[in-house]
Amino acid sequence: NSGLVWFRSDLRVQDNPALYHASQQCSQVIGVYLLFPGQWKIQYDSNNKLYFWMQNLKALENELSKLNIPLIVASAESFSNAPATLLELSGKHHCQSLWLNDEYGVYEQQRDDDTERLFRHQSIPCHRYHQQTLFIPGTLRNKQGDYFKVFTPFKKYLFQQITPEQTQPLPAPVQQAPLSIKHINPESLEQLYKPTASHIDDHWPAGEAAAQNSLDSFLAGTIEEYHNQRDYPSIAGTSSLSPWLAAGTLSIRQCFHQALQANHGEMDTGNKGITTWISELIWREFYKHILFGFPRVSMHRAFKPETEQLQWQTNPSALKAWQEGRTGFPIVDAAMRQLTTTGWMHNRLRMITAMFLSKNLLIDWRLGEQFFMEHLIDGDLAANNGGWQWSASTGTDAAPYFRMFNPTSQSEKFDASGEFIRQWVPELANLDSKRIHTPHGDNRQMSLDCPDYPLPIVDHKASRQRVMDAFQALKS
Ligand code: FAD
């Protein structure tokens with residue numbers, strides 16, 4: 001009997017439950033991947049991410065070859081075509097079962113439920129597994145049976161509930177006998193999406209081996225100082241694993257398991273670098289549970305419904321200045337240029353730039369969320385939406401509205417020497433470490449030694465008052 005394994009954001013052979021169990025229970029396995037260009041456009045998925053995913057798909061094809069598992073890549077355009085496209089492929093290749101790992105966005109669930117229904121109707125069983133998170137979303141609830149809305153109690157409860165088996169990755173399946181069918185994919189798979197960012201292949205080489213190497217080397221070195229260095233963008237102090245985690249080239253269990261091993265099985269005591277990193281992995285988990293528990297966040301709606309009434313400003317020129325890194329706030333501009341040039345941005349800077357747009361400029365967080373998705377190589381609805389709504393104070397566990405970063409103090413604190421700014425804003429390269437944070441001084445007069453750098457587009461103090469007033473107005 002032949003099983004069809006549908007790959008999605010799980011582009012790996014290691015620790016892949018659908019693939020593993022299909023291989024255990026079927027005499028032969030065929031892999032399939034569907035391209036959804038129409039859907040990806042609606043979701044604002046960036047060319048950087050799609051380029052990276054296509055490279056990882058090629059790497060997956062290669063790994064599957066070693067196991068004699070052919071991979072068929074077909075275009076379905078939109079999610080609504082997935083059930084029929086899969087059924088046709090399943091019939092063509094005489095498959096008697098479908099295997100997949102669940103995804104938790106509203107539209108993904110709908111797509112998979114429709115697919116399962118259609119297959120069942122044809123008496124073809126659909127086997128669904130879980131791999132994206134440590135716990136199946138919806139299974140971690142507070143005493144009242146509700147979803148956790150605050151991170152710390154969620155993390156605490158997760159630590160109480162987790163078992164060693166839950167973090168144990170599955171091995172790759174064993175090699176099957178060669179099949180007569182070969183890989184089928186569009187000739188130009190690698191050329192389908194042209195990245196706008198440069199050096200993606202150097203920073204994030206495709207494939208499981210590269211992702212695993214990166215995890216190993218992070219755990220062997222950088223993680224020791226993670227708790228001290230993770231907030232400083234000029235230091236490569238974080239794992240940079242997010243693109244592989246988003247593509248599923250690497251699994252959360254692989255990360256969690258190896259981190260635990262490195263910390264003698266402890267999650268929240270022991271090595272400070274490791275426990276801090278584990279905590280960040282739980283943020284990922286938290287937002288995926290939120291995505292599942294509160295479907296409105298998949299639909300561009302605020303987690304806190306009352307904040308839908310906020311009076312956002314319509315200011316296309318300020319939005320453009322933010323997008324292009326020309327706000328006159330060096331740390332914001334350096335960060336935005338890092339994003340558009342590399343497809344990635346440091347976490348501290350994601351918070352600074354998101355707060356700047358949603359608070360200082362009072363521009364709707366949804367426009368920032370979209371711009372991030374259009375550029376990020378690690379774009380992930382749950383994490384991106386969670387991060388944006390946190391920053392805009394419209395989300396779960398959100399920063400209270402009166403907590404607002406001062407971009408200049410953030411810059412002085414987290415890029416004290418100005419090294420990061422100098423790397424991305426060459427107009428300021430000659431300024432010393434004091435002036436580089438406020439190149440035009442406090443009175444916002446154009447300085448002669450950086451004439452190409454814009455004046456600040458907003459006054460921090462006044463914009464702080466404006467956002468306070470806007471939130472206060474919600475109360476009345
Ligand atoms: P590390 O510090 O090494 O952390 C390890 C992993 O934990 C990350 O790869 C990621 O999978 C997870 N993680 C860490 N912090 C968070 C967090 N706050 N929320 C959720 N997961 C986390 N992360 C994405 O993966 N995709 C996004 O689209 C995304 N958008 C964001 C938007 C905003 C406005 C903010 C504030 C944060 C966003 N994040 C997003 C979270 C975080 O910034 C990135 O995961 C992190 O910068 C990736 O770098 P790293 O792999 O070196 O992280």
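Helices (H or I, at least four residues) and strands (E, at least two) are DSSP runs, numbered from the N terminus.

**View 1. The whole chain, with its helices and strands**. This is a predicted model, where local features need pLDDT of at least 70, side-chain atom pairs count only at pLDDT 80 or more, and totals for chains, interfaces and linings use all residues. Residues are numbered from 1 along each chain as its sequence is written. Count up the secondary structure and you get 20 helices and five strands. The chain's radius of gyration (taken over C-alpha atoms) is 23 Å, close to the 23 Å that the globule rule (2.2 Å times the number of residues to the power 0.38) gives for 476 residues, so the chain is as compact as a globular protein of that length. Along its principal axes, the C-alpha trace spans about 75 × 50 × 45 Å.

**View 2. Domain 1 meets domain 2**. The domain assignment (bounds from an automatic or database source) gives domain 1 (2-131), domain 2 (133-169 + 207-293) and domain 3 (305-475). The centres of domain 1 and domain 2, taken over C-alpha atoms, are 26 Å apart. Their contact (C-beta atoms, placed from the backbone, within 7 Å) takes 16 residues from domain 1 and 15 residues from domain 2.

**View 3. Helix α6 packed with α12**. Here α6 (residues 151-161) and α12 pack at an angle of about 105°, with their axes (lines fitted to C-alpha atoms over the stretch in contact, with angles from 0 to 180 degrees between N-to-C directions) 10 Å apart. That makes α6 roughly perpendicular to α12 (65 to 115 degrees). From α6, look for Phe 151, Phe 154, Lys 155 and Leu 158; they meet Ser 279, Ile 282, Trp 283, Glu 285 and Phe 286 in α12.

**View 4. The shell around the ligand**. Of the 28 residues around the ligand (C-beta atom, placed from the backbone, within 6 Å of it), Thr 238, Ser 239, Ser 242, Asn 384 and Gly 387 come nearest. Helices α10 (242-247), α12 (272-293), α15 (347-360) and α17 (381-392) each supply at least two shell residues, and the largest share, six residues, comes from α17. Domain 2 and domain 3 each give the shell at least three residues.

Definitions and conventions: Contact = placed C-beta atoms within 7 Å. Parallel < 35°, antiparallel > 145°, perpendicular 65-115°, else oblique.
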